[in-house]
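Please look over the structure below before reading on, and keep it in view while the text leads through it.

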Amino acid sequence: IGEIRRFIRDDNPTKVSRPVKELAYRVYRTQERLQSLLGREPTIHEVAKELALAPQEIVSALEAMQPPASLFEQAYH
Amino acid sequence: MTVKNRIFMSFTSNSENVGIARVAAAAFAAQMDLTLNEIEEIKVAVSEAVSNSVIHGYGNDNKGIIEFTMMLYEDRLEYIIVDHGKGIADIAQARQPSYSSDPERMGLGFVFMESFMDELIIESQVGVGTTVKMVKKIQTGGTH
Amino acid sequence: MTVKNRIFMSFTSNSENVGIARVAAAAFAAQMDLTLNEIEEIKVAVSEAVSNSVIHGYGNDNKGIIEFTMMLYEDRLEYIIVDHGKGIADIAQARQPSYSSDPERMGLGFVFMESFMDELIIESQVGVGTTVKMVKKIQTGGTH
Ligand SMILES: Nc1ncnc2c1ncn2[C@@H]1O[C@H](COP(=O)(O)OP(=O)(O)O)[C@@H](O)[C@H]1O
Ligand SMILES: Nc1ncnc2c1ncn2[C@@H]1O[C@H](COP(=O)(O)OP(=O)(O)O)[C@@H](O)[C@H]1O
Ligand SMILES: [Mg+2]
Ligand SMILES: [Mg+2]
């Protein structure tokens, strides 16, 4: 996840609209909060329940934050 | 072990489809109680396999067909990526860290697949194609 | 008109797969320069069509097969949902706002598909199955 967060801070090659970005940040914040609360990484269902969203919507929001091609190829080249 | 869910996809070898397969893989994984981190890892493994088919299997010619099957069992997720492209002559060599047939590339795709998934099975025949099967085991008996 | 991209999916009629088809439809649409709102509408239209196949076509029996094809042309996106279920006896009646064969339901699925997409074509035969084709036109000549 640290990997991912670094990625978001970097200039994102794909055009990501603000509401999607905000949702992705909310997902990360919720994940962190649950992590310290539970003392372990929360599952996607726990994060989804906390945000009153379907797990699929979490998947969509996080995907929108990433370039379509291979993460690692992009990161290394 | 009974199959609980199964999705089959087939698409042309465009690089755009790497991203679509990746998001479908994540949406499929989200049926199980995985962490966001585990889902991220599955996405990376699937992207690496599909982009190998696009880049190496079909040499970036977007007319090849890639078949992508996702299976959910009680205790595991399976992702199977099939191409009918060039094939791999020496699988053991291809799996080696930093081996790439292309000097410009990192040669880490199979290493990521192997470290992010619980099982990686590669079958290939030169001139016929390549099948990559990846398994992610699921802890059962927990939540859900 | 040449096809620019094409993805075929086939899955069992589980309700979980409605959400997965929805995510895949959005990822496919994201190839084009659509607004978030337009992508939201496509997601709703696709979910309505796929859930109709699950609920009405197969009567919530999760053993049916649904075929889902996504096509990208220069100027439009096409989504085609096919089931081999019960079929619709009177398509004109089924398309009517608030008509549902199930008194518990809203009967607005086809109304949403029609208003969110630019074209809605329904073919069906009782005992054979149903095909729903939806077209979203794309303004070309802009960005991308
Ligand atoms: N689907 C495939 N078809 C043909 N060759 C492949 C395929 N997948 C992998 N290979 C071969 O295996 C090598 C190693 O793959 P990988 O570890 O992903 O590294 P990279 O993609 O950076 O070269 C590739 O360089 C290629 O020669
Ligand atoms: N795939 C299908 N197979 C069989 N019948 C269908 C299918 N899709 C729709 N129908 C019929 O058309 C009617 C109207 O559908 P819809 O507008 O989505 O409303 P609802 O799903 O709320 O009933 C349904 O009640 C059903 O009788
Ligand atoms: Mg690779
Ligand atoms: Mg309906």
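The paragraphs that follow describe a sheet and then a contact between two chains.

This is a predicted model, in which local features need pLDDT of at least 70 and side-chain atom pairs count only at pLDDT 80 or more, while totals for chains, interfaces and linings use all residues. Residues are numbered from 1 along each chain as its sequence is written, chains are lettered from A and ligands numbered from 1 in the order in which they are written, and side-chain values use heavy atoms, with hydrogens and water left out.

Strands of a sheet pair through backbone hydrogen bonds, either parallel or antiparallel. Here, 10 strands form an open sheet with antiparallel pairing, in the order 4(B)-5(B)-3(B)-2(B)-1(B)-1(C)-2(C)-3(C)-5(C)-4(C); strands are DSSP runs of E with at least two residues, helices are runs of H or I with at least four, both numbered from the N terminus, and two strands pair if DSSP finds at least two bridges between them. The edges are strand 4 (119–125) of chain B and strand 4 (119–125) of chain C, each of which pairs on one side only. Within chain B, strand 3 (residues 76–83) and strand 5 (residues 129–137) pair in the antiparallel sense over eight bridges, and Ile81(B) stands opposite Val132(B) in strand 5 of chain B.

The contact between chain A and chain C buries about 530 Å², this being the accessible area (1.4 Å probe) that two parts lose on being put together, summed over both. Two salt bridges are counted between these chains, each a side-chain nitrogen of Lys or Arg within 4 Å of a carboxyl oxygen of Asp or Glu. Lys43(C) forms a salt bridge with Glu57(A), with the closest N and O atoms 3.2 Å apart.
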